[in-house]
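Hi,

Here is the structure I promised to pass on. Have a look at it first, and my notes on what turned up follow below.

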Number of protein chains: 2
Amino acid sequence: MKETAIKLLEEHKFPELRALLETQNPTDLAAMLSEFPEKLLPVAYRLLPKELASETFVEMDADLQENLIHAFSDLELQEMLGQLFVDDTVDIIEEMPAAIVRRILKNTPPEKREIINEVLNYPKNSAGTVMTVECVNLKKDMTVSEAFIRIRRDGVNKETIYTCYVTDPGRVLIGIVSAKKLMLSKPEEKIENLMETNFISCKTTDNAEDVAHLIEKYDLIALPVVDAENRLVGIITFDDAMDVIRDETDDEFMKMAAVSPLEDSYLKTPVIIHAKKRILWLLVLMISATFTGMIITEYENALTALLVSFIPMLMDTGGNSGSQSTAIIIRGLATGELRLRDYLKVLYKEFRIALIVGVTLAVANAGRLWILDKLYYHTAGGMGKEMIVVGITLIGAVVLAKILGCTLPMLAKRLKLDPALVASPVLTTLVDAGTVLLYFSITVLIM
Amino acid sequence: MKETAIKLLEEHKFPELRALLETQNPTDLAAMLSEFPEKLLPVAYRLLPKELASETFVEMDADLQENLIHAFSDLELQEMLGQLFVDDTVDIIEEMPAAIVRRILKNTPPEKREIINEVLNYPKNSAGTVMTVECVNLKKDMTVSEAFIRIRRDGVNKETIYTCYVTDPGRVLIGIVSAKKLMLSKPEEKIENLMETNFISCKTTDNAEDVAHLIEKYDLIALPVVDAENRLVGIITFDDAMDVIRDETDDEFMKMAAVSPLEDSYLKTPVIIHAKKRILWLLVLMISATFTGMIITEYENALTALLVSFIPMLMDTGGNSGSQSTAIIIRGLATGELRLRDYLKVLYKEFRIALIVGVTLAVANAGRLWILDKLYYHTAGGMGKEMIVVGITLIGAVVLAKILGCTLPMLAKRLKLDPALVASPVLTTLVDAGTVLLYFSITVLIM
């Protein structure tokens with residue numbers, strides 16, 4: 001498909017190319033255009049019907065958009081911007097260099113420019129920045145058939161017509177009514193009698209992720225956004241909510257693995273940026289390992305090769321037990337399944353889990369040592385003491401790790417810090433040092 | 001709100017309670033009912049209007065549903081089941097014990113029972129198991145006004161009326177048309193001229209997660225599901241797709257943290273199940289640590305307290321460098337951003353990232369040792385050799401970890417294994433053993 005299109009383009013067979021491109025949806029078309037030769041891209045883009053062209057533009061990467069805007073005449077730019085929703089225009093503006101932003105704003109009609117500036121001023125990650133201002137507005141004294149006339153008049157340029165918003169003369173949102181309800185009602189029925197007055201809404205300043213979770217929780221197609229005086233200013237649609245949740249999950253995932261979130265895709269991000277995003281945490285870890293190292297040199301006299309050989313296993317077990325708990329708690333906090341007031345319940349639960357896990361591991365380890373001794377080490381004492389020392393350390397390390405592993409993320413959240421970002425480095429430092437200290441103390445005591 | 005409701009219930013003020021419950025949406029109502037005293041739950045539930053009652057039932061936890069079904073008469077059960085969509089009925093059946101499943105099927109009309117049985121037979125995690133069979137069906141020779149009559153007749157019982165499906169007499173799907181297009185078109189226009197024939201669909205046997213990603217990618221409200229002969233059998237709506245993605249992400253997140261995914265919520269899962277879900281990986285880790293331990297005892301003669309003190313830092317750095325890469329690659333594979341054929345690009349990129357990260361860490365470590373020596377150790381040689389040995393090991397460990405960290409998940413995917421589940425244990429084993437072996441070899445060589 002892509003090859004055919006490029007061939008048609010290079011042979012200047014424009015009517016055939018246009019026919020081919022028209023059959024594509026905007027998402028696929030944007031992907032296809034990104035592989036066209038850069039010089040020919042504006043030529044191909046100009047073949048598209050207006051609506052498809054603007055929908056495709058929205059789906060493109062910023063560098064491609066920039067390339068196209070450079071090729072546009074002011075008239076072409078005006079035409080394209082005229083087709084765009086405000087939220088998409090804002091998304092584009094945020095990615096463009098200043099010169100292009102000025103060109104975009106210059107070619108936007110004043111009233112739309114005013115709305116764009118307002119949206120650009122909402123706090124970062126707020127509902128205001130992801131909302132769409134285009135939505136269908138009804139009045140409570142309209143009838144269903146009047147509502148349909150309004151939808152037919154305004155609907156073409158609205159992002160969704162499936163939920164309509166009823167406002168009073170002061171633009172205060174007083175109810176919502178679904179297109180389904182309108183379609184299934186009698187034409188002479190009043191909107192007032194159909195509208196749902198007990199609806200869910202959010203403020204422009206609300207956190208976008210919280211709002212996205214509301215949309216997910218209540219299976220909404222769109223959620224209205226109101227200002228401090230409850231006046232309707234826009235809506236957030238389910239697809240924008242899905243994007244917010246996707247970005248949030250990506251971030252969370254990366255932070256759990258101790259990588260700062262990437263702004264661009266993996267392959268497009270340069271090596272040096274990748275290295276920067278990963279190095280910070282490894283450096284923190286190195287500093288933290290200083291304490292563990294110091295503890296080990298303190299116990300110089302107790303060190304034997306056999307004792308040292310258990311350190312990797314003990315540290316891995318402690319570290320992993322802790323991050324199991326951290327991951328579960330962070331995920332639970334993020335999805336809203338766990339709340340801070342559940343802390344004591346969680347702590348008690350993790351403590352009991354740690355005991356079961358720790359004891360099982362201690363027993364398994366005793367078995368492992370018994371076999372190892374028979375096959376490999378052939379010690380005089382049969383490793384009885386090692387089984388006890390390592391076993392007790394295992395139980396202690398798992399309990400310590402799980403208690404810290406559930407406490408740290410909840411504490412971070414309580415202090416309004418990011419649980420995923422704060423918990424891991426502190427956890428590793430404390431668990432590593434704690435495990436080694438515990439191990440040597442017990443060794444000295446028993447051996 | 002909840003307290004008021006329970007008080008009204010206990011004082012038998014049913015009309016007031018009914019008025020209060022009616023204002024709630026199904027999601028919140030289900031949460032509220034779950035905190036009602038168990039004995040009074042059926043009383044409160046019976047107060048709800050039919051439609052709200054069934055919508056609320058769907059949102060409840062399985063144990064609450066079971067409790068209610070026990071309280072229902074056959075007639076009540078029939079009424080409730082009559083209101084449910086097939087996909088919701090199937091979800092309920094899958095959670096219920098056999099006796100209740102028999103009661104549910106007995107009280108379902110034969111034609112619906114047949115569809116339910118069909119859905120129950122689709123392969124696990126297939127599109128067929130998450131689809132809704134209720135959707136609006138149009139014919140291509142209908143006019144827009146005829147289509148509206150059909151929607152008004154059938155629409156009440158359909159999960160979405162916002163996308164309508166056009167089928168030929170053999171039920172083969174030939175086009176789709178949005179309610180928006182219908183509402184904005186002239187009443188006498190033929191459906192044939194309005195329908196989109198170049199639409200995205202999936203098969204009943206397709207993987208549900210892949211289909212959910214399609215819905216997310218193309219911002220669809222619903223996606224049609226067809227059988228092997230392209231006959232329309234159902235649709236998957238955006239909210240069900242969001243649920244599938246949520247479950248997938250949860251699973252992926254847990255696996256990355258080496259926890260088998262939980263079936264129930266954190267607080268509801270018993271301690272012993274939690275312990276089981278976490279212990280397997282810790283056991284694998286313990287066995288794998290056997291090799292690391294053996295390597296250490298092999299180098300018994302080279303061991304000094306100072307050398308041993310670096311082991312925790314080296315292992316943590318290796319382990320974390322590796323899991324950074326693994327997490328990024330697994331996430332990239334899951335979201336479709338990376339494909340197997342990108343392997344060489346990824347490998348080359350990770351190699352260069354590893355060199356930058358490794359060298360930076362080696363330099364930072366030299367600085368750390370210099371400060372440590374001045375403040376704490378006061379060695380004769382000023383730790384020059386240690387800086388070199390540990391520095392080279394750091395670079396080697398990071399390179400090894402990042403190469404394995406990107407290779408293992410892609411190899412697992414290539415072998416059709418789960419990248420998240422396979423990559424971590426193998427990675428830890430190889431990186432731990434590799435790092436320690438490298439460290440001692442370089443020590444013996446240089447010291």
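In S6(B), the residue that bridges to Pro224(B) is Ile235(B). Before you read too much into details like that, keep in mind that this is a predicted model.

That pair is a good way into the small sheet of chain B. The sheet is open and has three strands, in the order S4-S5-S6, with mixed pairing. S4 (202-203) and S6 (232-237) of chain B are the edge strands; each has a single partner strand, so one side of each has no neighbour in the sheet. S5 (residues 222-226) of chain B runs antiparallel to S6(B), and five bridges join the two. Besides the pair I started with, Leu223(B) stands opposite Ile236(B) in S6(B). As general background, strands of a sheet pair through backbone hydrogen bonds, either parallel or antiparallel.

S5(B) and S6(B) also make a hairpin, with five residues between them. If you zoom in on the turn, look for Asn230(B), which has a positive phi of about 65°.

So is S6(B) open or enclosed, given its place at the edge? Six of its six residues are buried, so S6(B) is largely enclosed by the rest of the structure.

Two helices of chain B pack on this sheet. Going back to the five bridges between S5(B) and S6(B), helix H15 (residues 208-217) of chain B touches S4, S5 and S6 of chain B, and its direction makes about 140° with that of S5(B). Helix H16 (residues 238-256) of chain B touches S5 and S6 of chain B, with its direction at about 65° to that of S6(B).

Now for the place where the chains meet. On chain B, 92 residues are in contact with 92 residues of chain A. Helix H17 (residues 271-298) of chain B gives the largest share of the chain B side, 19 residues. That side divides into 52 nonpolar, 22 polar and 18 charged residues.

One helix pair across the chains is worth a look. Helix H17 (residues 271-298) of chain A packs with helix H19 (residues 311-335) of chain B at an angle of about 160°, and their axes are 9 Å apart. That angle makes H17(A) roughly antiparallel to H19(B), and the crossing is right-handed. Among the residues in this contact are Trp281(A), Leu285(A) and Met286(A) of H17(A), along with Met313(B), Asp316(B) and Asn320(B) of H19(B). By class, the contact has seven nonpolar, six polar and two charged residues.

There is also a helix pair within chain B. The axes of helix H20 (residues 343-377) of chain B and helix H21 (residues 384-414) of chain B come within 8 Å and cross at roughly 155°. H20(B) and H21(B) are therefore roughly antiparallel to each other, and their crossing is right-handed. The residues of this contact divide into 22 nonpolar, four polar and three charged.

Last, a stop in chain A. Which residues of helix H8 (residues 86-95) of chain A are buried? They are Asp87(A), Thr89(A), Val90(A) and Ile92(A). What covers these residues of H8(A) includes helix H6 (62-71), helix H7 (74-83), helix H10 (110-120) and helix H11 (127-130) of chain A.

Over to you!

Technical notes: Residues are numbered from 1 along each chain as its sequence is written. Chains are lettered from A and ligands numbered from 1 in the order in which they are written. This is a predicted model: local features need pLDDT of at least 70, side-chain atom pairs count only at pLDDT 80 or more; totals for chains, interfaces and linings use all residues. Two strands pair if DSSP finds at least two bridges between them. Helices (H or I, at least four residues) and strands (E, at least two) are DSSP runs, numbered from the N terminus. Two residues are in contact if their C-beta atoms, placed from the backbone, lie within 7 Å. Axes are lines fitted to C-alpha atoms, for helices over the stretch in contact, and angles run from 0 to 180 degrees between N-to-C directions. A residue is buried if 20 or more other C-beta atoms lie within 10 Å of its own, exposed if 12 or fewer, and partly exposed in between; C-beta atoms are placed from the backbone. Ala, Val, Leu, Ile, Met, Phe, Trp, Tyr, Cys and Pro count as nonpolar, Asp, Glu, Lys and Arg as charged, and the others, Gly among them, as polar. Angles under 35 degrees count as roughly parallel, over 145 as roughly antiparallel, 65 to 115 as roughly perpendicular and the rest as oblique. A crossing is left-handed if the near helix is turned anticlockwise from the far one by less than a right angle, and right-handed if clockwise.
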